[in-house]
Amino acid sequence: MIDLATHADQLSPTDVAILDATRACVVDFGVRRTTLTEVARRAGVSRPTVYRRWPDTGSLIAELLVRELRTIVAETMPNTGLGRDRLVLGIVTGSAAIRSNAVFAKIFRTDTDLMLTYVFGRLGRNQRTLIGLFASVIELGHRDGSIRAGDAERMATMLLLITQSAVQSAGTVESLLAGAEFDAELFRAIEGYLLPLPDKDCDDS
C-alpha cells in the first residue's frame, strides 16, 4: 500500500506554516492574486525563506495541491474490507471531499484553467500517487476475488481518468446530477468497471 503519510512527515514546521498561509491566501483571493509576499507575511517568515523552498507561486501552489489531495485520500480510503469495496468507497468519498474542499472549490470557481494546469494537464506527483494507490488495492481485489482480472496499473490509470473527469465536470452538470445522486452514479460506474466478469461456463450451462 502507498504510504500517504510520508510526504507530510518530510515537511518542517516552517514548511507547514508556509503551506497553511498559502492555503489561506488561495481560499481568500484565488490563485492569481496569491503572492509570495502575502504568503510570507501570513506565515510570519521572510520572503527569502519562502523563495529558498519554492522559487515561485506556481511551485508553491502545486505543493499545496499535493498536500490537499494526499490528505483527502488518506482520510477517505478505507483500510479494511474487500478490495473492490475499499476502492469504490474510497474513490466516491474522496471525489465528494475534493468537490467540497475549500481550496479546490475556490480554484474551480475562479481559476479553472489553472486547475487544468496543476491537476489535470500533466501526469504529476498526485496522479502517479493515485495510480499507485489504486493499483495496490486492485491487486488486493485480485487476490480476494472481488475485482476482475486485468493489468492493475492499466486499470488504475483508467480509474484515475474516470475520477478526474467526474470531479472536473461535476459543476457543469450540477443542475442535472448533484450531491447524493452524483455519488450514487459514480459508485455504479466504478463498481461496474471493477466487477468480476461472469464465468463463461456458468453462462453456457
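1. Which residue forms a salt bridge with arginine 188? In this predicted model, the partner is glutamate 185, and the closest N and O atoms of the two are 2.7 Å apart. Both residues belong to helix α11, where they sit 3 residues apart and are therefore separated by about one helical turn. An α-helix has 3.6 residues a turn, so residues three or four places apart point the same way. Arginine 188 has a relative accessible area of 52% and is exposed, while glutamate 185, with 40%, is partly exposed.

2. A salt bridge also lies within helix α3 (residues 36-43), where arginine 41 and glutamate 38 are 3 residues apart, about one turn of the helix. Their side chains meet at 2.7 Å, N to O. The two partners fall into separate classes of accessibility: arginine 41 is exposed, with a relative accessible area of 56%, and glutamate 38 counts as buried because its 18% is under the 20% cut-off.

3. The salt bridge between aspartate 20 and arginine 67 has an N to O distance of 2.9 Å. This pair links distant parts of the chain, with aspartate 20 in helix α2 (residues 13-29) and arginine 67 in helix α5, 47 residues apart. Aspartate 20 is partly exposed, at 40% relative accessible area. Arginine 67, at 13% relative accessibility, counts as buried. The structure holds 9 salt bridges.

4. Helix α6 covers residues 83-100, which makes 18 residues. What span should be expected for α6? At 1.5 Å a residue the helix should span 26 Å, and the C-alpha atoms at its ends are 26 Å apart, so the two values agree.

5. Which residues of α6 are buried? They are Gly83, Arg84, Arg86, Leu87, Val88, Gly90, Ile91, Val92, Gly94, Ser95 and Ile98. The cover over these buried residues includes helices α5 (57-76), α7 (102-110), α9 (125-144), α10 (152-169) and α11 (179-194).

6. Serine 95 can serve as an example from this helix. Serine 95 lies in α6 and is buried, its relative accessible area being 1%. Leaving aside neighbours within four places in sequence, serine 95 is in contact with Val167, Phe182 and Leu186. Valine 167 is 72 residues away from serine 95 along the chain, yet their C-alpha atoms are separated by 6.2 Å.

7. Where is the centre of the largest pocket, in terms of its lining residues? Arg99, Val167, Ala170, Gly171 and Glu174 lie nearest that centre, out of 13 lining residues. Helices α7, α10 and α11 are the elements that give two or more residues to this lining. The contribution of α7 is the most, with 3 residues. The volume of the largest pocket is about 280 Å³.

8. How many residues of each class line the largest pocket? The lining has 7 nonpolar, 3 polar and 3 charged residues. Arg99 and Glu174, both among the residues nearest the centre, count as charged, whereas Val167 and Ala170 count as nonpolar.

9. Valine 167 connects two of the points above. This residue is in contact with serine 95, and Val167 is also one of the residues nearest the centre of the largest pocket. Helices α7, α10 and α11 likewise appear twice: they are included in what covers the buried residues of α6, and they give two or more residues to the pocket lining.

Definitions and conventions:
Residues numbered from 1 in each chain as written. Predicted model: local features only at pLDDT ≥ 70, side-chain atom pairs only at ≥ 80, totals over all residues. Heavy atoms only, no water. Helix = DSSP H or I, 4+ residues; strand = E, 2+ residues; numbered from the N terminus. Expected span 1.5 Å × (residues − 1). Buried < 20%, exposed > 50% of the residue type's maximum accessible area, 1.4 Å probe, protein only. Contact = heavy atoms within 4.5 Å. Salt bridge = Lys/Arg side-chain N within 4 Å of Asp/Glu carboxyl O. 1 Å grid on protein atoms, 1.4 Å probe; cavity = no way out; pocket = protein on both sides within 12 Å on 5 of 7 lines; lining within 4 Å. Points joined across faces, edges and corners; volume = space filled by probe spheres on them.
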